[in-house]
Amino acid sequence: MNSPKVVVEGLCKVFGTNPKQAVAMLAGGATKEEVFSRTGQIVGVHNVSFEVKEGEIFVLMGLSGSGKSTLIRLINRLVEPTAGKVLIDGRDVASVPRSELTALRRKDMSMVFQSFALMPQRTVLANAAFGLEVAGVGRKEREKRAMTVLEQVGLAPFSEKLPAQLSGGMQQRVGLARALAVNPSLMIMDEAFSALDPLKRKEMQNVLLDLQREQQRTILFVSHDLEEAMRIGTRIAIMEGGRVVQIGTPREIITNPADDYVRAFFEGIDTSRYLTAGDLMQTDAVPLMQHSPAIDASSVAATLNGSADYAFVLDSERKIRGFVCRDALGSASPQLNQIECIRRSTPLDDVVERVVASRAPLPVVEVDGSYCGSVNKTNVLNVLTRHRGSHV
Ligand SMILES: Nc1ncnc2c1ncn2[C@@H]1O[C@H](COP(=O)(O)OP(=O)(O)OP(=O)(O)O)[C@@H](O)[C@H]1O
Ligand SMILES: [Mg+2]
């Protein structure tokens, strides 16, 4: 599971007659625009390094012209790098003889593009089986396998139809089925869903996510849409002007965007949905005190220290036993109140509901139940205004 499927190291691609000069300028800190205005060379990709793990959906995201397609073409070697290398399953793609490249692309790197050239005179089944046909798989076997993937993408009843009898979204699913049928170890999808309307697009994302749950494939997915990237990406690499400016899980990118370019993608998107209790908790807002059989008022007073209204009571394993509050200070042995804990991974919407219903801040705990922080109404309001408002 964890060995890298794809390793990209210091990959550069400059389009033009003097790429080395451009690479030197880039190394000195010049931007893609500066290189172009001074030399006329076009930077496609500059100094990109990352690893795609087996079984993950790795999304490349960035504005038009940021280098996503070029990067993908470097990986399947439709484009020769100016510098750097690409390893697939540990094998340097540059060392693959030309004669083997076609087979490598066909078998190990299936591509799905935005617009699919389905063959209009062939049935859906024959289109879905096309990749297998090219690979020399016999008719019976390829039709059986194509039918299986048509079932997976929900098109089995349409197998004998012609592409023109299907809607655009269904045609796109035929394209996906064709790529899946060859059962590639790496699927490369370049803006595969971008031409679809929002509903169809979401439907295709669900098809892909369902397939992924059944059988984990390694997928390199290009998108310029942050919501799509967030929904399907295990990790996302954000590209700007040929460089990768940030790599992280959807949550890491939302909670800690590298710069304003990354933040600009958030505009108009409710990023709070991707947050969890762990993202908004505070670690030092509520004082803690050690549990003992008889809690006395003076130790509560000392813990609250004049300013806090609540303190959590922990046992020696840092598990929550309850909380005490300022109101109880009048009594000689203040009451230990029961409190519900929230798991660190609880999604924001559940957190909001529970924090709103509670007068005290709520303790956040790790999977093993040990205390890690607290959330209160203010934390929730802050995160909601920050993430549901405008970002630029
Ligand atoms: N064959 C080529 N010759 C010259 N320049 C190229 C070539 N292919 C790509 N480029 C340039 O490389 C840069 C990156 O292009 P690329 O197609 O990789 O961007 P992209 O991120 O895929 O954009 P989009 O979202 O529009 O598909 C652009 O400036 C583009 O003009
Ligand atoms: Mg592109």
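**Figure 1. The shell around ligand 1 in this predicted model.** Ligand 1 is surrounded by F15, I42, G44, G62, S64, G65, S66, G67, K68, S69, T70 and H224; a residue is taken as near if its C-beta atom, placed from the backbone, lies within 6 Å of the molecule. Both β2 (42-53) and α3 (68-75) put in at least two residues, with α3 giving the largest share, three. Here helices (H or I, at least four residues) and strands (E, at least two) are DSSP runs, numbered from the N terminus. Sorted by class, the shell holds nine polar, two nonpolar and one charged residues. For that count, Ala, Val, Leu, Ile, Met, Phe, Trp, Tyr, Cys and Pro are nonpolar, Asp, Glu, Lys and Arg are charged, and the others, Gly among them, are polar.

Residues are numbered from 1 along each chain as its sequence is written, while chains are lettered from A and ligands numbered from 1 in the order in which they are written. As this is a predicted model, local features need pLDDT of at least 70 and side-chain atom pairs count only at pLDDT 80 or more, but totals for chains, interfaces and linings use all residues.

**Figure 2. Strand β3 and its two partners, β8 and β9.** Six of the six residues in β3 (residues 57-62) are buried, that is, 20 or more other C-beta atoms lie within 10 Å of their own, with C-beta atoms placed from the backbone. I57, V59 and M61 point one way, and F58, L60 and G62 the other. Five parallel bridges link β3 to β8 (residues 218-223), where S223 sits opposite M61. β3 also runs parallel to β9 (residues 235-240), again over five bridges, and G62 has M239 as its bridge partner there. Strands count as paired if DSSP finds at least two bridges between them. G62 also turns up in the shell around ligand 1.

**Figure 3. Helix α8, mostly covered.** The 14 residues of α8 (residues 168-181) reach 20 Å from first C-alpha to last, close to the 20 Å expected, which is 1.5 Å times one less than the number of residues. Eleven of the 14 are buried, including R173, R178 and Q171. After α8 comes N183, with a positive phi near 50°.

**Figure 4. Two domains and the confidence along the chain.** Domain 1 (4-271) and domain 2 (278-388), with bounds from an automatic or database domain assignment, have C-alpha centres 45 Å apart. The chain averages a pLDDT (the predictor's confidence in each residue, from 0 to 100) of 90. Strand β6 (residues 109-113) scores lowest, at a mean of 74, and strand β15 (residues 362-365) highest, at 97.

Terms used:
A residue is buried if 20 or more other C-beta atoms lie within 10 Å of its own, exposed if 12 or fewer, and partly exposed in between; C-beta atoms are placed from the backbone.
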